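Good morning, everyone, and thank you for making time for this. Please have the sequence and the structure open while I talk, because I would like us to go through them together, slowly.

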Amino acid sequence: MTAPLTPPHQPQPHDPAWPPPPPPTSGQDGDPITAAEVIQGVLVTAVSAVAGALLGVLWLNLAPRVLLVSDGKGVYLQNSEGESAIGADGTFVLLALAFGAVAGVVVFLLRRRGGIPLVLGLAAGGVLGSLLAWGLGTHFGPTSDVVAHAKAVGPRVAFEAPLELNLGAAALLAWPLAAMIAHLSLTAAFGPRDPDPWEHPEAL
């Protein structure tokens, strides 16, 4: 008498009574990240960073100015109830959000399959672009030496305060956040779909 080769209560191969095993997990498109995808991510970072120069120019020209005045002893706001300082931050954030959204849309249209390097490139490029815009705006804007500027124009003569970002890091994150949200949303809605292995069991 011989014992069965298959232990009891174990499914037979190709037994229709038992569901097929779950599909193996894999990365983007089932393939590892390639050198070409890394290069594309670096290119997105570089282009976004360079675009920060345009953001800086727009911020410098569109941001409302804060006017100061000196009485010979100290420097004061010409309009203490004005909201120009908040307006400068708001202008930067709105411009950065627009730049980020455009970057996310353009990258999606050029590379619909997406990928981790592209998303990281959008994030890093957005941060670098914001930093460049901030640096250009503050460098080419009114001087940060308020005392010297007040002495140069004389007492009771209004002059422009330095262009600053009071929101700091929060304003610098507007671009990368907008870029990633726009790109990931478009990829989720209109990106290519992987075939469902449960609908195509022959692919298992």
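Of the 204 residues of this chain, 31% count as buried, and I should say at once that we are looking at a predicted model. The secondary structure comes to six helices and three strands, and if you read along the sequence, you will find them in the pattern α-β-β-α-α-α-β-α-α.

Let me begin with a pair of helices. In general, two packed helices are described by the angle between their axes and the distance between the axes. Here the pair is α1, which covers residues 35-62, and α3, and their axes come within 6 Å of each other and cross at roughly 25°. That angle makes α1 roughly parallel to α3, since angles under 35 degrees count as roughly parallel. The crossing of α1 and α3 is right-handed.

Staying with α3, let us turn to the surface. Which residues form the nonpolar patch there? They are V127, L128, L131, L173, L177 and I181, and together they have about 510 Å² of accessible area. Two helices, α3 (116-140) and α6 (174-190), each supply at least two residues of this patch, and the largest share, three residues, comes from α3. One member of the patch to look at is L131, which is found in helix α3 and which, at 39% relative accessibility, counts as partly exposed.

The other helix that I just mentioned, α6, also holds L184. With a relative accessible area of 46%, L184 is partly exposed, because that value falls between the limits of 20% for buried and 50% for exposed. How far apart are the C-alpha atoms of L184 and F108? They are separated by 8.6 Å, although the two residues are 76 residues apart along the chain.

Finally, I would ask you to find R156, in the loop between α4 (146-153) and β3 (159-160). Most residues other than glycine have a negative phi. For R156, however, phi is near 60°, a positive value in a residue other than glycine. Is R156 buried or exposed? At 69% relative accessibility, R156 counts as exposed, because the cut-off for that word is over 50%.

So, to look back, we have gone from the crossing of α1 and α3, through the nonpolar patch to which α3 and α6 contribute, to the positive phi of R156. Thank you for listening, and I am glad to take questions.

Notes:
Residues numbered from 1 in each chain as written. Predicted model: local features only at pLDDT ≥ 70, side-chain atom pairs only at ≥ 80, totals over all residues. Heavy atoms only, no water. Patch = residues over 30% accessible without salt bridge, like charges linked within 9 Å, V, L, I, M, F, W, Y side chains within 5 Å. Areas by Shrake-Rupley, 256 points an atom, 1.4 Å probe, with all protein chains shown as cover. Salt bridge = Lys/Arg side-chain N within 4 Å of Asp/Glu carboxyl O. Helix = DSSP H or I, 4+ residues; strand = E, 2+ residues; numbered from the N terminus. Buried < 20%, exposed > 50% of the residue type's maximum accessible area, 1.4 Å probe, protein only. Axes fitted to C-alpha atoms, helices over the stretch in contact; angles between N-to-C directions. Parallel < 35°, antiparallel > 145°, perpendicular 65-115°, else oblique. Left-handed = near helix turned anticlockwise from the far one by under 90°.
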